[in-house]
Amino acid sequence: MASTPRIISLLTDFGTQDGFVGILKGVILGINPSVSIVDLSHEVQPQDILMGALILRSAIAFFPPGTIHVAVVDPGVGSTRRPIIVETATALLVGPDNGLLSVAAPPESVQRVIYLTKSRYFLPHVSHTFHGRDIFAPVAAHLSRGVFPEDFGPVGTTMERLALPVVAHTPHQITGSVIALDRFGNIVTNITAADLLPFPMESLSVSIGPVQIHGLASTYASVPVGAVTALLNSWGMLEIAVRNGSAAQQLGVPRGSAVVITDQ
Amino acid sequence: MASTPRIISLLTDFGTQDGFVGILKGVILGINPSVSIVDLSHEVQPQDILMGALILRSAIAFFPPGTIHVAVVDPGVGSTRRPIIVETATALLVGPDNGLLSVAAPPESVQRVIYLTKSRYFLPHVSHTFHGRDIFAPVAAHLSRGVFPEDFGPVGTTMERLALPVVAHTPHQITGSVIALDRFGNIVTNITAADLLPFPMESLSVSIGPVQIHGLASTYASVPVGAVTALLNSWGMLEIAVRNGSAAQQLGVPRGSAVVITDQ
Amino acid sequence: MASTPRIISLLTDFGTQDGFVGILKGVILGINPSVSIVDLSHEVQPQDILMGALILRSAIAFFPPGTIHVAVVDPGVGSTRRPIIVETATALLVGPDNGLLSVAAPPESVQRVIYLTKSRYFLPHVSHTFHGRDIFAPVAAHLSRGVFPEDFGPVGTTMERLALPVVAHTPHQITGSVIALDRFGNIVTNITAADLLPFPMESLSVSIGPVQIHGLASTYASVPVGAVTALLNSWGMLEIAVRNGSAAQQLGVPRGSAVVITDQ
């Protein structure tokens, strides 16, 4: 794993209004003044662990090896849920053991899970309500200075895992669901390029909410302005979009809605 | 005071849409390319000096000694209000002399106040409407390069101070007020842990808007989902919260609302 | 052009919720770990090329020479629109050739336009939907490491240009239009200080929506709270403001509305 200079990414549901994120950075830079800090998102809806987990998964492949990703969506702060480091071949994930880190670290990629117990790496006073500041930020900063993961506490391999919505396959049909609505109003599903392999790209049919779409487009710009289209997005996921408009608004399908693919 | 590498934090009411914050950073990096810049918040409501002052106070203890904090919530820009540096034992605060810096720098902590008059440290053209760009950013950048505070203008000790809402004490009751609603909908009051010392934690009563809460919780997670609870938050202030929900929305109490503590 | 340390600024319509901006930064830091990255804005309304172009123009003069500005407002991603570098005397602009870069780079300032074709400077897999990540971020990062602009593809001088709304002049009157509403609700017009030279500052008349304003103010603070005022803003543009309030809200004039100046 590359050792210098280190990057720490931050993903939280703190928003950017209250100064919480700035405080994390103050704590980190107080411990390691030369680390680079990158904001992944702080607009995860409060306590929406699944959304945080999906954003983290979408991003980590694009960071250099050795990046430390801190994620804090933590409704159980102050309870018995454990603070952990998850070590994979290419990254270190730091956050609460509530499933948030699990989607970005599928079982086969996890080398070690470290349960954070060594309070000398925390802030001197650990509150019951803000472990981002008191535990996760200082631990990430010490990691970025070269402290070994195993120095932070006992080592294991297990962690809480989120149950993601699954794609159901039958001979001529697959059924997935809407997992995210992005800033552009694009509707992101859990159906992947691999799921679609048995289907003819030009003639498959996508049913979602009130509409049925025939065939996949290759780009947003390949359909008329205002048209509803389906395509494989930059994550390799099936996405429903409206050219220069908002599919989320136009179709009114909330997260969790069904998406059905048939071969005609 | 630590001298290298320096951190400059930024707190404004500029929002993040219009490019104003990016411009501050361009100005700073043009003067000191190696400084680390941290955003504290740019979502202070326009002209809300009190909110800016409270966020600044909540944050500065978590930055390393020597950090330079630039704060710009400046409805009087272009008038006679003075631009200042406030020097404390651990930090340098830069901004307008309108009370914004005063809550983070209580009188006993202030070593010097410098009134910014040396225009050689400003941008060549100083507008009447954007001193963040033309005065505060370049002054902070020069400070971060080691220019002494006293080089920026005459030195004094006085500054404008905000009158914060006070907590009223009677033998069996204290009355404070709501000073902030955070991103999670938590209701932050001006009542501190010290104010509550005379009261029995388990049996005190908190009255706010339509509800009365008995006893303090220790964590958000220690009450049922949806329950209204009172606790000491990560700033050591009394806070009213709804587990996994928004107390602000549920109770409908705006900033300034009364909060009454009694011992039964 | 200064060569080290480099700054890369980012301007997009990606918002800050979905992690897209963090991914750009991961890609950049993977190629050049020591570059400084500055966010200009990510809150451009989706596909609003004109707004992005105006923000870019307002900001670039305040960055040090040699800064690389990446701008991505790209409704035509995946179509035939070209990815380009625009080289001026003081900056390098990177983005889609759809007019977005043109307002910050008027014809007389453009030294060269490079059409990006050398895929060895792109990510290995270029998607049809996210060229910010796959082309513009890696190209900017390689530029920041010293790769010459001409190494990225064929060199020319032409690019798509936006048609900006023009100011119409008659002997005793000029007519401009609203080009932006900023975070404070200030109404920014396309009328410049130069346009106003023939008019007496104290007695000219500004008609916009339901109001007529007499004379220009010099600062926001020089009129009573709540009063509508006209002044030259920090960009040197005529602006209509309400002291400590929102002119946009109070006057209800959308972008594109007419603003008429007469000499009495």
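**Entry 1: chain C against chain A**

I started where chain C meets chain A: 33 residues from chain C and 30 residues from chain A make the contact. Note to self: this is a predicted model.

Next I looked up the buried area between chain C and chain A, and it comes to about 2,400 Å². Carbon and sulfur atoms give 63% of that area. Which three residues of chain C supply more of its buried area against chain A than any other three? I found Gln17(C), Ile23(C) and Thr129(C), with 22% between them.

Then I went after charges. Between chain C and chain A I count one salt bridge. Glu43(C) makes it with Arg183(A), and their closest N and O atoms sit 3.5 Å apart. I also noted nine residue pairs in polar contact across this interface, both residues at pLDDT 80 or more.

Where does the largest share of chain C's side come from? Helix α1 of chain C, residues 20-31, gives eight residues of the side that touches chain A. I sorted that side of chain C by class and got twelve nonpolar, 16 polar and five charged residues.

**Entry 2: chain B against chain C**

I moved on to chain B, where 33 residues are in contact with 30 residues of chain C. The area buried between these two chains is about 2,400 Å², with 62% from carbon and sulfur atoms.

I looked for salt bridges here too, and the rule finds one across the interface of chain B and chain C. Its partners are Glu43(B) and Arg183(C), with 3.4 Å between the closest N and O atoms. For polar contacts between chain B and chain C I wrote down nine residue pairs, both at pLDDT 80 or more.

Helix α1 of chain B (residues 20-31) brings eight residues, the largest share of the side that touches chain C. By class, I have twelve nonpolar, 16 polar and five charged residues on that side of chain B.

**Entry 3: how the copies are arranged**

I wanted to know how chain B sits relative to chain C. A turn of 120° with a shift of 0.0 Å along the axis lays chain B on chain C, at an RMSD of 0.0 Å. The two copies are therefore related as by a three-fold rotation axis.

Which residue of chain B comes closest to that axis? I get Ser36(B), with its C-alpha at 5.2 Å.

Last thing I checked: why do I say the copies meet through different surfaces? Because only 6% of the interface residues of chain B are also interface residues in chain C.

Note on methods. Residues numbered from 1 in each chain as written. Chains lettered and ligands numbered in written order. Predicted model: local features only at pLDDT ≥ 70, side-chain atom pairs only at ≥ 80, totals over all residues. Heavy atoms only, no water. Contact = heavy atoms within 4.5 Å. Buried area = accessible area lost by both parts, 1.4 Å probe. Salt bridge = Lys/Arg side-chain N within 4 Å of Asp/Glu carboxyl O. Polar contact = N/O pair within 3.5 Å; in protein donor to acceptor, adjacent residues only side chain to side chain. Helix = DSSP H or I, 4+ residues; strand = E, 2+ residues; numbered from the N terminus. Nonpolar A, V, L, I, M, F, W, Y, C, P; charged D, E, K, R; others polar. Least-squares fit on C-alpha atoms with pLDDT ≥ 70 in both.
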